[in-house]
Amino acid sequence: MNSLYYQKKLSRNVVDKFFTFLSLFCALIAILPLIFVVTYILIKGGAQINPDLFTLEPNPPGDDLDAGGINPALIGTLVITTIASIISIPVGVGGGIYLAEYSKGGPFSKFVRFGVNVLAGVPSIIAGVFIYALIVSTKILFGSMYSGLAGGMALSILMLPTVIKTTDEGLKLVPNELRYASLGIGASMYTTILKITLPTAFRSIATGVVLGIARAAGETAPLIFTALFSYYYITGFGDLFYEMGSLAVLIYNFALEPYDAQNKLAWAASFILVISILTVNILSRILAAFTEKTKRV
Amino acid sequence: MIKNTKKLQKKNILSLEDVSISYGTFEAVKNVFLNFKAGDITSLIGPSGCGKSTVLRALNRMNDLIPNCSLKGTVLFDGTNIYDKRVDPVEVRRRIGMVFQQPNPFPKSIYENIAFGARINGFTGDMDQLVESSLRKAAVWSECKDKLNDSGYSLSGGQQQRLCIARTIAIEPEIILMDEPCSALDPISTLKIEETMHELKKNYTIIIVTHNMQQALRVSDMTAFFNAIEYEDGDGGKVGYLAEFNSTKKIFNSPKEKTTQEYISGKFG
């Protein structure tokens with residue numbers, strides 16, 4: 001008769017231990033790149049941070065010149081991401097509402113869901129090339145070619161699947177009893193969705209939107225074809241129709257320059273980009289936790 | 001004698017005429033003829049799977065929300081077949097309100113839970129007064145009056161269910177449907193809700209599905225007993241039908257059908 005006490009040397013226990021450590025080891029390796037990338041950028045880029053960075057234009061590359069700042073790129077990223085959000089949030093949330101609330105699982109909604117999944121897997125550079133062909137090369141936007149507007153459109157294509165999917169999933173999590181309750185007292189579908197289901201699902205939808213924004217803000221490839229780059233301050237509304245700088249493209253351009261000053265600027269921009277995307281991600285989690293608390297008083 | 005004439009005057013507010021309801025190809029309940037009288041509490045009883053909840057949901061077109069659910073026959077309310085193509089289900093539900101099995105308050109304040117339905121139905125009067133009177137009618141005012149701005153979830157299960165009843169009353173429906181409203185509640189809350197129903201009877205017609213026969217006996221004037229029989233082709237599926245419909249007294253004291261007798265005495269079900 002075997003003893004009931006745990007026996008270290010038993011082969012099943014040895015194998016069990018081994019696999020526990022193996023999976024722990026793999027988990028550590030998986031997290032290492034994140035830690036290294038973030039630390040490296042924080043060290044390399046953090047050293048370059050100074051107030052001028054946020055206010056000055058970058059100087060054109062050249063010998064012994066001071067590199068200047070990244071103000072236009074910073075504002076450009078904000079502007080382009082805002083445009084992308086303005087396009088993709090209404091369309092995405094609307095599409096998600098259709099899928100979750102109105103469609104009855106017919107072939108059309110299956111097709112849309114499939115399409116959204118495919119769109120989510122489309123390489124970002126394709127989105128850029130598509131907008132290039134559609135908007136930039138045709139000069140369809142009042143004769144302008146490369147523009148912040150075109151950049152925003154390219155990014156909106158990347159944000160769209162995330163927003164649709166999270167809206168769809170978020171609405172599906174709302175218990176049907178709540179819908180019945182609202183419909184049972186004579187609310188229309190429209191009132192039910194607007195006043196009951198959407199507010200209940202707000203948390204997950206907001207998280208999805210924020211994650212979509214964070215993803216779009218870091219994209220480079222679609223912007224190279226659409227917004228291109230600019231060294232100059234964004235001064236007014238009209239600048240939307242001209243080339244616009246962005247942090248991601250600034251990093252791409254300046255990291256390849258042979259001059260040290262520009263390379264440093266690229267590091268600084270990387271630092272700011274990583275920090276702001278991390279902040280947005282963390283904010284979305286705080287937002288999620290916060291709204292959850294208020295909801296279940 | 002006077003009592004008798006009064007009874008005769010009660011008019012049919014809702015009538016089912018040869019109603020059969022199916023989910024896809026599966027027939028849940030068939031050939032139901034049933035008249036609900038205005039001002040009565042009618043209970044629907046029967047074993048699980050006999051289609052009584054299905055019938056109840058058919059009365060205000062909640063079955064529309066279940067994919068594949070289809071209905072044959074007519075449901076006459078106020079002289080109109082509510083399954084007519086021209087009928088707006090939203091309007092039907094405004095006049096025939098529903099209380100569900102699980103308390104399902106909105107994730108809003110107690111006040112808003114009541115005000116929501118009234119507001120979307122175009123109520124323009126004194127909202128504070130409506131909230132108070134609805135909560136009073138549902139016998140939950142004393143528990144709620146000091147925390148109208150708290151979430152509906154802060155109430156206990158029984159209080160939540162009475163809040164849901166108050167929410168339904170606030171839209172001034174003509175009929176209130178209740179789908180096992182006490183199955184998730186303890187006996188004391190159940191008793192309170194039954195008292196509430198007796199109060200409501202003065203102004204509303206109530207139709208209630210219940211598994212609790214004592215409850216049917218306590219609250220209802222009329223009782224409909226549903227049963228399920230196996231299909232004639234014998235593949236094991238069951239279809240529900242209305243076995244007996246009569247005054248509650250008669251159903252419980254001298255049922256005509258043998259199955260009714262067996263069910264109420266607990267021999268099956």
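What follows is a chat between a trainee and a mentor about helix packing and strand pairing in a predicted model.

Mentor: Ground rules before we start: this is a predicted model, where local features need pLDDT of at least 70, side-chain atom pairs count only at pLDDT 80 or more, and totals for chains, interfaces and linings use all residues. Residues are numbered from 1 along each chain as its sequence is written, chains are lettered from A and ligands numbered from 1 in the order written, and side-chain values use heavy atoms, leaving out hydrogens and water.

Trainee: What is the mean pLDDT of chain B?

Mentor: The mean is 87, and 94% of the residues of chain B reach 70 or more. pLDDT is the predictor's confidence in each residue, from 0 to 100.

Trainee: Why are H3(A) and H4(A) called oblique?

Mentor: Look at the angle: the axes of H3(A), residues 71–102, and H4(A), residues 107–121, cross at roughly 140° and come within 11 Å. Angles under 35 degrees count as roughly parallel, over 145 as roughly antiparallel, 65 to 115 as roughly perpendicular and the rest as oblique. H3(A) and H4(A) are therefore oblique to each other.

Trainee: Which residues meet there?

Mentor: Tyr98(A), Leu99(A) and Ala100(A) of H3(A) meet Phe108(A), Ser109(A), Val112(A) and Arg113(A) of H4(A), where contact means heavy atoms within 4.5 Å. By class, the contact of H3(A) with H4(A) has 5 nonpolar residues, 1 polar and 1 charged.

Trainee: And what makes H7(B) roughly parallel to H8(B)?

Mentor: H7(B), residues 157–170, packs on H8(B), residues 187–200, at about 20°, with the axes 9 Å apart. So, by the cut-offs I just gave, H7(B) is roughly parallel to H8(B). Among the residues making the contact are Ile165(B) and Ile169(B) of H7(B), and Ile193(B) and Leu200(B) of H8(B). The contact of H7(B) with H8(B) divides into 4 nonpolar, 4 polar and 2 charged residues.

Trainee: How do you know that E1(B) and E2(B) pair?

Mentor: Two strands pair if DSSP finds at least two bridges between them. E1(B), residues 12–23, and E2(B), residues 26–37, are joined by 8 bridges and run antiparallel, so the pairing test is met. Tyr23(B) has Phe26(B) as its bridge partner in E2(B). In their hairpin, with 2 residues between the strands, Gly24(B) takes a positive phi near 60°.

Trainee: What about E1(B) and E4(B)?

Mentor: E1(B) pairs with E4(B), residues 69–77, in the antiparallel sense over 8 bridges. Glu17(B) stands opposite Thr74(B) in E4(B).

Methods: Axes fitted to C-alpha atoms, helices over the stretch in contact; angles between N-to-C directions. Helix = DSSP H or I, 4+ residues; strand = E, 2+ residues; numbered from the N terminus. Nonpolar A, V, L, I, M, F, W, Y, C, P; charged D, E, K, R; others polar.
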